[in-house]
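Q: I have a new structure open and I'm not sure how to read it. Could you walk me through it, one feature at a time?

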2 protein chains.
Amino acid sequence: MLAVDEVGSNRSVVTQLRAYLAQATLPEDGRLPPERDLSAALGVTRTELRKALGTLEAEGQIWRHVGKGTFMGNRPVDTLSDIAALSKRTNPAELMRARLIIEPEIARAAALTATPMHLAELRMCQARTREAATWRQYETWDTRLHRTVAEATQNTPLLGLFDMLNALRRAVTWGRLRSNPVKPEPDHHSFTEHETIITAIENRDMNGAAAAMRTHLQSVERNLLARQLSETD
Amino acid sequence: MLAVDEVGSNRSVVTQLRAYLAQATLPEDGRLPPERDLSAALGVTRTELRKALGTLEAEGQIWRHVGKGTFMGNRPVDTLSDIAALSKRTNPAELMRARLIIEPEIARAAALTATPMHLAELRMCQARTREAATWRQYETWDTRLHRTVAEATQNTPLLGLFDMLNALRRAVTWGRLRSNPVKPEPDHHSFTEHETIITAIENRDMNGAAAAMRTHLQSVERNLLARQLSETD
DNA sequence: AGATCCAACCAATTCGAAATTGGTTGAGAG
DNA sequence: CTCTCAACCAATTTCGAATTGGTTGGATCT
């Protein structure tokens, strides 16, 4: 093999690879064939191919991962959207701040898009929370009420965000069990607050819905703080 | 078989089951033994056991799922927080609506909590987008700029939500990534819009930051609609 | 010597057949 | 008519084998 060929071969394989990538029909996820197959297809050694792939990876044209394969485009960001990992890095106070920022806006959107079906379900959830015989039942219907608000936005990504917040809430407050065996009292603050939220949504009052949700979450937050303080008994 | 025994046996199995649940040491996830084992252990028919389990399920004491098993406690909500599943149920328009609802609020929060370090990084990202030689480079720094805004909230759950939206955006717009060879023009709308956002955050102008972010996303949306090829901001 | 190739190996990941599990049906016994 | 039992169904999990990018050490060729 001549020296000219050797020196040129490096560049040549990269060029050959670029040509292949420009021409090839890749699957939806941008994955390209395994190194072993690709090296055979291009008629080059795997070592040579890997050198070329290394060049393209350094340029950011492709990214690779053991066991997964080689892909075109930017390496996907190390997403922080993993509930388990996320719950270890945060705390209830921070989570409540996030809820105070997000959920009022969800309520605002819901006021614009809620259908009669959603309104009926909201009313039903509210009735069920009032009839609840135990705190467990109350929480079940309270959770469903809040989720119905999110569903009423008729926006799938928004509903996904809400679910993520909810999952986080469960994970973060995991150790805490409601030790109170009695049922919610009839004058529990949430009843009138839920009423205000639902009424605002019914009236298509976007600002009112957002404000009511904010008020509600703030009083929930106060309650949590109070309960934590009284946990000494 | 006497009628008294029939009626009584139903209740008796439920009672027996309650006793078992109260006494048994369940694994961490609250899963109880398979019906086939449990029916043998309690010395009752699977049909009988299933009737009793049905009662407890109706009461909300347990929940069941084919292939998974039977578990104590409330049925976990069908969390929609899985990127892959979510991206199949939504579309770019819906996603943009969600971004228009969420990201301005993130910018608003960032205006309150951003540190000098965050401001410096915002400025650096902005400079890099202006210097970008290719759309790919521009996109890299644009993405980092927006993420820095989210980091500036200093709120982990909020950052997680932002990452989830971002991951969704990649998944949804995957099919139509175009390799536009030219670089962003110097008068690209995003440059001045980014400037407005950063300035508002520097000035602790919460309403201004939210409004600027909303304006920015709206013009990105217009751009997307106009040319339906580039997913860049 | 000094690259380069090659085969084997490694660890992360994916794939797939088989086992497990709650849900359902139909024949037969009481 | 009701209950039991066995078989079957479909959703899910499990676990070993195959796949894949990354690495190493000896063989091969200038």
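A: Sure. We'll start with a definition: two residues are in contact when heavy atoms of theirs lie within 4.5 Å. Keep in mind that this is a predicted model. With that cut-off, 90% of the interface residues of chain A are also interface residues in chain B, so the copies meet through the same surface.

Q: How many residues of each chain are in contact across that interface?

A: On the chain A side there are 42 residues, and they are in contact with 41 residues of chain B.

Q: And how do I put a size on an interface?

A: The size is often given as the accessible area that is lost when the parts come together. Here chain A and chain B bury about 3600 Å² between them. Of that area, 62% is on carbon and sulfur atoms. Three residues stand out on the chain A side: T156(A), P157(A) and L161(A) supply 15% of the area that chain A buries against chain B, more than any other three residues.

Q: Which helices of chain A each supply at least two residues of the side that touches chain B?

A: Look for α4 (83–89), α5 (92–113), α7 (135–152) and α8 (156–172) of chain A. The largest share comes from α8(A), with 11 residues. If you sort that side of chain A by class, you get 17 nonpolar, 14 polar and 11 charged residues.

Q: How many salt bridges and polar contacts does the rule find across the interface?

A: For salt bridges, the rule finds zero across the interface of chain A and chain B. For polar contacts, the rule finds seven residue pairs there, with both residues at pLDDT 80 or more.

Q: What rotation superposes chain A on chain B?

A: The general idea is that two copies of a chain are related by a rotation about an axis and a shift along it. In this model the rotation is 176° and the shift along the axis is 0.3 Å, with an RMSD of 2.2 Å for the superposition. That is the relation of a two-fold axis. To find the axis on screen, go to L161(A): its C-alpha is the nearest to the axis in chain A, 2.2 Å from it. You've met L161(A) before, as one of the three residues that supply 15% of chain A's buried area.

Q: Now inside one chain. What does the secondary structure of chain A come to?

A: Chain A has 10 helices and three strands. Reading along the sequence, the pattern is α-β-α-α-β-β-α-α-α-α-α-α-α. Chain A has 233 residues, and buried ones make up 43% of them. You can also ask how far apart in sequence the touching residues are: among contacts in chain A between residues at least 6 apart, 67% join residues at least 24 apart.

Q: How many salt bridges does a search of the whole structure find?

A: Over all chains, the search finds 26. A good one to start with is E35(A) with R46(A), where the closest N and O atoms are 2.7 Å apart. This pair links distant parts of the chain, from helix α2 (residues 35–42) to helix α3 (residues 46–59) of chain A, 11 residues apart.

Q: Is E35(A) buried or exposed?

A: The cut-off for buried is under 20% relative accessible area. E35(A) has 12% relative accessibility, so E35(A) counts as buried. R46(A), at 33%, counts as partly exposed.

Q: Which other residue forms a salt bridge with E35(A)?

A: Try R64(A), with the closest N and O atoms 3.5 Å apart. R64(A) is in strand β2 (residues 62–65) of chain A, 29 residues from E35(A) in helix α2. Both R64(A) and E35(A) are buried. Step back and you'll see a network of salt bridges that links E35(A), R46(A), R50(A), E57(A) and R64(A).

Q: What about a residue in chain B? Where is S219(B)?

A: S219(B) is in helix α10 (residues 206–226) of chain B. With a relative accessible area of 6%, S219(B) is buried. Its side chain makes a polar contact of 3.0 Å with the side chain of H189(B). Another polar contact, of 2.7 Å, joins the side chains of S219(B) and E193(B).

Terms used. Residues are numbered from 1 along each chain as its sequence is written. Chains are lettered from A and ligands numbered from 1 in the order in which they are written. This is a predicted model: local features need pLDDT of at least 70, side-chain atom pairs count only at pLDDT 80 or more; totals for chains, interfaces and linings use all residues. Side-chain values use heavy atoms; hydrogens and water are left out. Buried area is the accessible area (1.4 Å probe) that two parts lose on being put together, summed over both. A salt bridge is a side-chain nitrogen of Lys or Arg within 4 Å of a carboxyl oxygen of Asp or Glu. A polar contact is a pair of N or O atoms within 3.5 Å; within protein, one must be able to donate a hydrogen and the other to accept it, and residues adjacent in sequence count only if both atoms are side-chain atoms. Helices (H or I, at least four residues) and strands (E, at least two) are DSSP runs, numbered from the N terminus. Ala, Val, Leu, Ile, Met, Phe, Trp, Tyr, Cys and Pro count as nonpolar, Asp, Glu, Lys and Arg as charged, and the others, Gly among them, as polar. Copies are superposed by least squares on the C-alpha atoms of residues with pLDDT of at least 70 in both. Buried means under 20% relative accessible area, exposed over 50%, partly exposed in between (1.4 Å probe, protein chains only).
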